Amino acid sequence: MTTQEPPHAGAPSEEVERHAARRRVFTALAGLIVVAIFGLGVFGFAFRAALDQAAARGTSDLTLSADRLTTGLQRYRELAVFLSDHPTVTARVTGRGTAPVGDVGDGAPEADALLQGVVDKTGASSIMVVSTTGGVLASAGETQLPKGAQAALTRALDGALGIAHFVDPEGRRRYMFAAPVFSSEGPPVAAVLVSVDIGLLEWGWPSEPSAIYFTDDYGVIFVANRSELVLRGGSGGALSLRRTHLLAGHDIWTHDMGPYIPSPVLHLTKPLPVVGLTAELLLDLHPVIAQAGLQAGLAAALALVFAAFLFFAMERRRTLAEANQRLEARVAARTEALEIANRELQHEVHERHEAEARLKRAQADLVQAGKLSALGEMSAGISHELNQPLMAIRSFAENAQAFLERDKPEKAADNLGRISELARRMGRIIKNLRAFARQEPETATNVELTGVIEAAIEMTQAKISRGGVTLDWAPGAPVWVRGGEVRLQQVVMNLLSNAVDAMAEVDTKCITIRLSQGALGGDPTRLTVADSGPGIAEPEKIFDPFYTTKEVGAAQGMGLGLSISYGLVQSFGGRIRGENSPGGGAVFTIELQPADVSGTMGGQEVHDGTY
């Protein structure tokens, strides 16, 4: 039963759809804004962390460069102090030399030679000895006192170590140390001035990725590893700075100092009071920005993926909720119809159960009728089988009586023994008939299949003999399977009877029975019954009910034998199939489950198929 729903039942209105669309757009925009804010936050955090690391590396590089400059200049400072105590210099200053004090040139050959040798060996720009009046007592490299050396000379004549830096008329940047020459009485009487060309010191420095320079007290860059920065700043012209700001305690510069100095940069400083300069470094921040951007991009991408997943999960949940509402509305609309249909189905199920019970009873009756039909068909043969022993018993009894009358008890005993054997044979036939005729319970038990085959052969032996059929069967060791003894006997009898009927019109009549032992948990036990008849015309229909190749109205049956056999074999978990043999004739194969009878013979019911 079905119900008709309204055309638009459960469908959302257009206004609801527009509202849902606006909500989805707003949610998506809000998610993007949150992801952008999160990415900016990660960028700021990563940038500060990377900036601290870059500052540490830059400070290390600046310290190395400052030590390099200080060490290079300290050699000339120590040289000035060393020469101020040199005997040749003191002798020249005190007038104990070969020339009078105050003369320069030929009058101071020893001091000049000493200073020139030192200049050649140390790479100094110039060395001179100057008196308190400013007169040059000895010199090497130049003979006139440079203008920028006056501050260093004045401090040295005051008894301290003087330093000065200046640019000479030739444009060379020079750094000078002045050491006092003390008299024996104590006060300085002269000074030794040692100057060095800064350009020569810079030439020997290794290349650095960052711009490193040294400024004086006026902010002028006096020493640098970038030529475009030399003598800039302070009175030499302000640096081209666009913007400076502090970030987490770090000085950030944005500038236009030239194409070879990147911008923005991290500005680091380190005072050098020993040489009167300040070391400064400009560290490129592009790697720091790139690293922070990469981390922020990865974090934003992950956040975007999470936001997208969350968005789609929410949309899916909303869609499922709407679908659930529509389904609930439909369920509520169809509940009454489903209840009616349920009652009808229950009534139909009850009828089907009753029909199934009737079908089972009909099948059981059909099986029993099939057995009785087989008994009726075999009645003539069975009567012959019983009549022959009865005739023999009568004959042996009369003979025994005659032997007793003649006082030949041995002969009479032999005849009585034969009568007993014939009686046992007749009893066995009758017991097989009675067992075959009774209704067996459907429970599967352990059955000895060889005995079942022997009993079936014995019951059909009359029909086999009457049909002139040769039986190829050699019983072997007991083979135990799971099944029902009477049902298996009925199946085997049915196959043998059909085989005899199928070979009625052929010259060579032979039935071959083979039995192969199976294994527990492995291959099944197989029983094959093959005949030399014309074969099966339609193997796929052979087990259909009422299918028969016999003539209509024939006395052999209505085509139910194999169908019944198929159901019987399946009832205890077996299989049966029929096919044509390549050499001619039909072959029926029965596959049965092997039975485990080890250790259970005394406690479990088993049947050996004999009586």
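Helix 1 (residues 14-84) and helix 3 (residues 109-122) have axes that come within 13 Å and cross at roughly 160°. That makes helix 1 roughly antiparallel to helix 3, since angles over 145 degrees count that way. Keep in mind that this is a predicted model.

**The helix pair**
- Helix 1 goes past helix 3 in a right-handed crossing.
- On the helix 1 side, the residues involved are Tyr76, Leu79 and Leu83, and they meet Leu115, Val118 and Thr122 of helix 3.
- Sorted by class, this contact has 5 nonpolar residues, 1 polar and no charged ones.

**The five-stranded sheet**
- There's an open sheet of 5 strands, paired antiparallel and running in the order 2-1-5-4-3.
- Strand 2 (136-140) and strand 3 (162-167) sit at the edges with a single partner strand each, so one side of each has no neighbour in the sheet.
- From one strand to the next, the twist averages 20°.
- Within the sheet, strand 1 (residues 126-131) pairs with strand 5 (residues 188-197) in the antiparallel sense, over 6 bridges.
- Look at Ser131 for a bridge in detail: its partner in strand 5 is Ala190.
- Helix 3 turns up here too, packing on the sheet and touching strand 1 and strand 2. The direction of helix 3 makes about 35° with that of strand 2.

**Thr254**
- You'll find Thr254 in strand 9 (residues 250-255).
- Thr254 has a relative accessible area of 16%, so it counts as buried, the cut-off being under 20%.
- Setting aside neighbours within four places in sequence, Thr254 is in contact with Leu241, Arg242, Arg243, Ser263 and Pro264.

Conventions: Residues numbered from 1 in each chain as written. Predicted model: local features only at pLDDT ≥ 70, side-chain atom pairs only at ≥ 80, totals over all residues. Heavy atoms only, no water. Helix = DSSP H or I, 4+ residues; strand = E, 2+ residues; numbered from the N terminus. Buried < 20%, exposed > 50% of the residue type's maximum accessible area, 1.4 Å probe, protein only. Contact = heavy atoms within 4.5 Å. Axes fitted to C-alpha atoms, helices over the stretch in contact; angles between N-to-C directions. Parallel < 35°, antiparallel > 145°, perpendicular 65-115°, else oblique. Left-handed = near helix turned anticlockwise from the far one by under 90°. Nonpolar A, V, L, I, M, F, W, Y, C, P; charged D, E, K, R; others polar. Pairing = 2+ DSSP bridges.
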